[in-house]
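Subject: The structure we talked about

Hi,

Here is the structure I promised to pass on. Please have it open while you read, since my notes follow below.

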Amino acid sequence: MSEQQQRAGDAHGAWIVARLVAGVEVEAEEVEELWEPWLTLARGVQEANGQGRINVLRTLCAEMPNGQDVEHLVFQQDPRKQPRKRRTPGLLPSLPSAARIAPGASAGAAAWLDEYTHYAKAVSPLTPELFLEASGLWLVSLAIARRLVLRLAHKDLYPNVALLQVAPTTLYAKTTGLGPARYLVNQTMRHLLLPNELTPEALIDELAGKQPAVLEGLNIEDWQKGQKYAAQRGIVLDEASSLFVGMSKDYNIGMGESLLRLYDCDAYISRQTRGTGRSTVRNAYFTFLGATTPWHLKKADIESLWHTGLWPRFLLLTPEKGPVWQRPTRERTQIPAGLQERLRRLCENDLPESTYQEPALPISVGLGDGVFEGYSRYLQATMHDMLVPPTSIDPRLWGVYGRLAEQALKISMLLAALDWNGKTGVPVISLAHWARAQLFVERCRASVHRLPGMLAESSQNEGEAKVLDWLDNSEDEWNTARDIYRALNMKSSDARMVLLDLEQSDLIESQQQGRATFYRLKREDEDLLVQEKAEVS
């Protein structure tokens with residue numbers, strides 16, 4: 001979703017609040033369906049009386065990080081007129097000034113990542129740069145295979161990342177954008193890739209290093225090499241929705257819990273089944289790179305993904321701007337030799353080698369001057385200051401916010417590993433590494449704010465098609481909103497929003513009969529309607 005679409009979508013929430021401030025009656029269901037910050041504002045204004053509504057609105061806005069923008073958007077609305085765009089999950093709150101990165105602080109960090117992104121952009125010019133940069137980071141994370149660790153007071157942190165790219169089909173060339181990462185994996189470390197399709201039992205067996213019952217078709221050398229890193233491998237999926245949609249299936253029960261423990265790098269995971277006996281995963285390290293569309297993703301149990309803790313562990317990426325056409329080049333882009341050589345050296349030479357059931361002891365990463373202080377400021381901002389009520393942040397995103405600082409530390413470790421010579425000392429995170437990492441994670445924070453609206457947009461588009469089809473096949477020419485949402489098993493607020501959009505798009509028309517509003521498909525010629533009915537009869 002573009003920035004322009006997001007701003008337009010926020011107008012719905014602002015319009016509801018403006019109507020309440022003006023004393024216009026609003027259905028309770030419309031209020032409860034709002035995203036933050038509009039839900040907090042609407043409830044607050046509802047509790048006010050008479051002229052106190054404006055004062056309540058201004059008081060609540062003054063307590064929000066982006067309150068001036070929110071208040072201004074409310075007063076821009078005409079409470080007598082419905083905006084055409086539908087709601088989205090609210091404005092992106094600004095990061096508190098104490099946690100912001102100074103201009104130029106990231107200079108000199110991540111030359112390898114810049115080179116990879118430049119190469120990948122030449123191969124797939126339509127793919128968002130954020131997606132390509134994330135793929136480069138995933139490559140480094142995969143190559144490390146749990147052999148680096150940052151020892152914090154409360155936990156040992158490993159630099160594994162889980163990345164999910166979400167964008168509409170075709171326009172953003174997601175699959176093509178995964179191509180450079182796939183190529184580098186196959187050239188340098190294909191033994192670290194897991195099969196794309198696995199049941200929970202098969203996943204645990206694979207990570208435990210159990211030999212498959214059938215070896216036919218396997219590259220035995222690759223399999224034996226991969227067995228040394230059995231539990232320290234990753235997955236890349238073109239259509240990643242299958243991973244999340246399948247979790248509700250009987251044969252995939254337990255997959256979500258397994259992924260949580262694998263991502264958290266549990267030292268010991270054991271599973272007992274009647275068919276295969278006991279399987280034990282030692283020193284897990286799970287990395288994931290996937291892409292999907294909002295249409296496919298909405299088939300999953302989205303609310304469960306937000307609230308069970310799985311999605312907060314992912315960096316959820318959406319396009320930063322609308323699709324822009326880039327003319328392709330005629331000649332094949334040659335991969336820079338340094339990209340492949342650095343990955344191979346990191347995977348095979350710089351870090352200690354593992355053996356089956358005896359994973360290598362990880363090397364401890366150091367922290368340069370000022371890095372921990374920068375991490376602490378960002379942690380306080382994202383895990384506390386920005387979430388303390390009243391907050392404008394959608395509660396579904398709180399888990400994501402709580403892990404942003406940790407995600408930035410993981411990215412910092414990856415950048416430090418790239419800049420390490422692999423021969424002397426240990427990788428050390430510099431302030432430049434931290435700055436580059438936080439800036440990247442901030443772009444991810446903006447991305448995740450776009451995702452709920454993108455998923456709602458996809459559902460709304462499907463809802464429009466369902467309503468149009470139902471009206472076209474209805475035995476009655478005119479139907480109320482109640483008739484429609486009951487027949488289609490839709491929420492009344494969703495159905496009313498769809499009807500408003502369709503009417504403003506001149507696809508349907510309405511008429512008032514008493515207190516009820518009736519809808520039908522737009523007829524340009526009433527005589528044509530009569531003729532059609534006669535032909536049907």
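In which hand does α7 pass α8? The crossing is right-handed. Before I go on, please keep in mind that this is a predicted model.

**The helix pair**

Helix α7 covers residues 129-144 and helix α8 covers residues 174-188. Their axes are 10 Å apart and make an angle of about 25°. Angles under 35 degrees count as roughly parallel, and α7 and α8 are therefore described that way. If you want to look at the contact itself, α7 brings F131, L132, S135, W138, L139 and L142. On the α8 side, these meet K174, G177, L178, A181, L184 and V185.

**Salt bridges**

How many salt bridges does a search of the whole structure find? The count is 22, and I picked out a few for you.

One of them joins the side chains of R396 and E303, with N to O at 3.5 Å. R396 sits in the loop between α16 (371-385) and α17 (398-402), while E303 belongs to helix α14 (residues 302-307), so this salt bridge ties together parts that lie 93 residues apart in sequence. Buried means under 20% relative accessible area; R396 has 12% and therefore counts as buried. E303, at 38%, is partly exposed.

Another salt bridge pairs D350 with R345, and here the closest N and O atoms are 3.6 Å apart. In this pair the acidic partner, D350, is buried at 8% relative accessible area, whereas R345 is partly exposed at 24%.

Then there is E477 with R520, whose side chains meet at 1.9 Å, N to O. This pair also links distant parts of the chain, 43 residues apart. E477 is in the loop between α19 (431-473) and β12 (479-480), and R520 is in strand β14 (residues 516-521). R520 is buried, with a relative accessible area of 7%, and E477 is partly exposed, with 27%.

Some salt bridges share partners: D114, E133, E320, R436 and R443 are joined into one network that way.

**Two loop residues**

Is T391 buried or exposed? T391 is buried, at 7% relative accessible area. Its place is in the loop between α16 and α17, the loop that also holds R396. The side chain of T391 reaches the backbone oxygen of M386 at 2.7 Å. A polar atom of that side chain also lies 3.2 Å from the backbone nitrogen of I393. Leaving aside residues up to four places away in sequence, T391 touches E36, T40, M386 and W398.

The other residue is S106, found in the loop between α5 (67-76) and α6 (111-123). With a relative accessible area of 18%, S106 falls under the 20% limit and so counts as buried. Which residues does S106 touch, not counting those up to four places away in sequence? They are A432, A435, R436 and L439. R436 may ring a bell, as R436 is also one of the members of the salt-bridge network.

That is my tour. Happy to talk it through whenever suits you.

Best wishes

Definitions and conventions
Residues numbered from 1 in each chain as written. Predicted model: local features only at pLDDT ≥ 70, side-chain atom pairs only at ≥ 80, totals over all residues. Heavy atoms only, no water. Salt bridge = Lys/Arg side-chain N within 4 Å of Asp/Glu carboxyl O. Helix = DSSP H or I, 4+ residues; strand = E, 2+ residues; numbered from the N terminus. Buried < 20%, exposed > 50% of the residue type's maximum accessible area, 1.4 Å probe, protein only. Polar contact = N/O pair within 3.5 Å; in protein donor to acceptor, adjacent residues only side chain to side chain. Contact = heavy atoms within 4.5 Å. Axes fitted to C-alpha atoms, helices over the stretch in contact; angles between N-to-C directions. Parallel < 35°, antiparallel > 145°, perpendicular 65-115°, else oblique. Left-handed = near helix turned anticlockwise from the far one by under 90°.
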